[in-house]
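Biologist: I have the sequence and the coordinates open now. Could you walk me through them?

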Amino acid sequence: MNLADLGWRASLGESFKPYGKQGLRPARVAREDKNSYLVLSERGELMAEVSGKVRHEASGRADFPAVGDWVAIQPRYEEASATIHTLLPRISSFSRKVAGSQTEEQVLAANVDTVFLVSGLDGDFNLRRIERYLALAWNSGAASVVVLNKADLCADVDVKAEQVASIALGVPIHPVSAVERRGLDVLNEYLGHGKTVALLGSSGVGKSTLINSFLGTDRQRVRAVRQDDSHGRHTTTHRELILLPGGGMVIDTPGMRELQMWTDRERLTGTFDDIEALASRCRFRNCKHEREPGCAIASALRDGTLDAGRFQSYLKLQRELRYLDTRTDQKARMIEAAKWKRIAKASRKNAKARRRGGYR
Ligand code: GDP
Ligand code: ZN
């Protein structure tokens, strides 16, 4: 294996320099297990663990390696293991809010060049959902491509592709049929040597079928990789970097059931640039686009230049962001409160000790 095959590039070489001087080697994270990582190095697969330093200095889950990350390792080739000493800066990263009560960022995939937003052209076709995936992908820093699968089940592929084009400005759209293997050749362009593609989309849209077709005859690989997942194929929570025989890699992510976004508002609302531009023309700066006079959005809705459904998606996204902000604030306040409680307790203890006439 050669680092370039794994997507190594000059900018990474720059960040890696100081670690190379310490005798560390670069490797790429292919899988995350419970307490270890499968990394791909110049000398093949190694099972790696993070160093105590990485663990100690991590301020959250996002500081731990994720699938696709480049890391600096101390390899122990003879035992096929390694210690991860640092994460190299992510060129792109795809994250979501951690499911559950805590608001924390979880990186699903790092250093992805292109995200395939896979949607089915069957009864499941849903423009609003595609719009939300686009917003998510926009935030990742990776380039987006919409893959409309199951074209064989659709009578009006062009109409649907046109509809997607209207919400995905400047994003390539490729109708394909994974089972009939039609339209797949254009996708190879994104899967070239050293390039990393992540597949995103709801369960059942055909991501596994697509990956199988990229793997060609080597269909076993996907299944083999998933065999160790006792929950079976469709509930897998493993994310995996898979090397393709023709060069290039794919990262398979499980269907995103919970589309709660972890993001900063500015980059996210980029997908709604048109609405933001309209809003900037409202007469009042704090226009809520409800009944205010001189509201550019209301007038665009009236004359049909802005689609009502699209505006609803925008509002929904804003609501979600506000919800997320509140949760983040709550968490920050809790951490802050706990910190002050500790400080107060310590100072009470000190005061007591002083009163007793001797501290320590
Ligand atoms: P995943 O959950 O996204 O990985 O979806 P799968 O690859 O497991 O596919 C879900 C179902 O859709 C399977 O029954 C596939 O055979 C079927 N499927 C996948 N691609 C196509 C396609 O292009 N056309 C049709 N008709 N069915 C497809
Ligand atoms: Zn307005």
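Biologist: Which residue follows α5, and what is the sign of its phi?

Modeller: α5 is followed by G216, whose phi is positive, near 70 degrees. Helices here are DSSP runs of H or I with at least four residues, strands are runs of E with at least two, and both are numbered from the N terminus. Before we go on, this is a predicted model, in which local features need pLDDT of at least 70 and side-chain atom pairs count only at pLDDT 80 or more, while totals for chains, interfaces and linings use all residues. Residues are numbered from 1 along each chain as its sequence is written, chains are lettered from A and ligands numbered from 1 in the order in which they are written, and side-chain values use heavy atoms, with hydrogens and water left out.

Biologist: Is α5 itself enclosed or open, and why?

Modeller: Helix α5, residues 207-215, is largely enclosed by the rest of the structure, because 8 of its 9 residues are buried. Buried means under 20% relative accessible area, exposed means over 50% and partly exposed lies in between, with a 1.4 Å probe and protein chains only. The buried residues of α5 are K207, S208, L210, I211, N212, S213, F214 and L215.

Biologist: What comes nearest to ligand 1?

Modeller: There are 17 residues around ligand 1, and of these D152, G204, K207, S208 and T209 come nearest; a residue is near a molecule or strand if one of its heavy atoms lies within 4 Å of it. The largest share of that shell, 3 residues, is contributed by α5.

Biologist: And which polar partners does ligand 1 have, say from S208?

Modeller: A polar side-chain atom of S208 lies 2.6 Å from an oxygen atom of ligand 1. On the backbone side, a polar atom of A178 is 2.9 Å from a ligand 1 oxygen, and a polar backbone atom of V205 is 3.4 Å from an oxygen of ligand 1. Taken alone, ligand 1 exposes 570 Å², and the protein buries 77% of that; such accessible areas come from the Shrake-Rupley method with a 1.4 Å probe, and for residues only the protein chains shown count as cover.

Biologist: Switching to the metal, what are the protein donors of the zinc ion?

Modeller: For the zinc ion, which is ligand 2, the protein donors are C282 (SG), C287 (SG), H289 (ND1) and C295 (SG), at 2.2 to 2.4 Å from it. Donors are N, O and S atoms within 2.8 Å of the metal (3.2 Å for Na, K and Ca), and water is not among the atoms, so sites may look incomplete. Along the chain the donors follow the spacing C-x4-C-x1-H-x5-C.

Biologist: What geometry does that zinc ion site have?

Modeller: The site is tetrahedral, with angles of 101 to 115 degrees among its 4 donor atoms, where four donors count as tetrahedral if all angles lie between 85 and 135 degrees.

Biologist: Where does H289 sit, and is it buried or exposed?

Modeller: H289 is found in the loop between α8 (273-279) and α9 (296-303), and it counts as buried because its relative accessible area is 18%. C287 and C295 are buried too. The phi of H289 is near 60 degrees, which is a positive value in a residue other than glycine.

Biologist: What about the phi of K150?

Modeller: K150 has a positive phi of about 65 degrees although it is not a glycine, and its place is in the loop between β9 (143-149) and α4 (157-167).

Biologist: Now W70: where is it, and what does it touch?

Modeller: W70 is in strand β4, residues 70-76, and is buried, with a relative accessible area of 1%. Leaving aside neighbours within four places in sequence, W70 is in contact (heavy atoms within 4.5 Å) with residues including L3, L6, W8, L12, P26, R28, L87 and N111. The C-alpha atoms of W70 and A30 are separated by 9.7 Å, although these residues are 40 apart along the chain.

Biologist: Last one, how many helices and strands are there in the protein, and how much counts as buried?

Modeller: The protein has 10 helices and 13 strands, and 47% of its 360 residues count as buried. Among contacts between residues at least 6 apart in sequence, 66% join residues at least 24 apart.

How values were computed:
Four donors count as tetrahedral if all angles lie between 85 and 135 degrees; four count as square planar and six as octahedral if opposite donors are over 155 degrees apart and all others between 65 and 115; anything else is irregular. A polar contact is a pair of N or O atoms within 3.5 Å; within protein, one must be able to donate a hydrogen and the other to accept it, and residues adjacent in sequence count only if both atoms are side-chain atoms.
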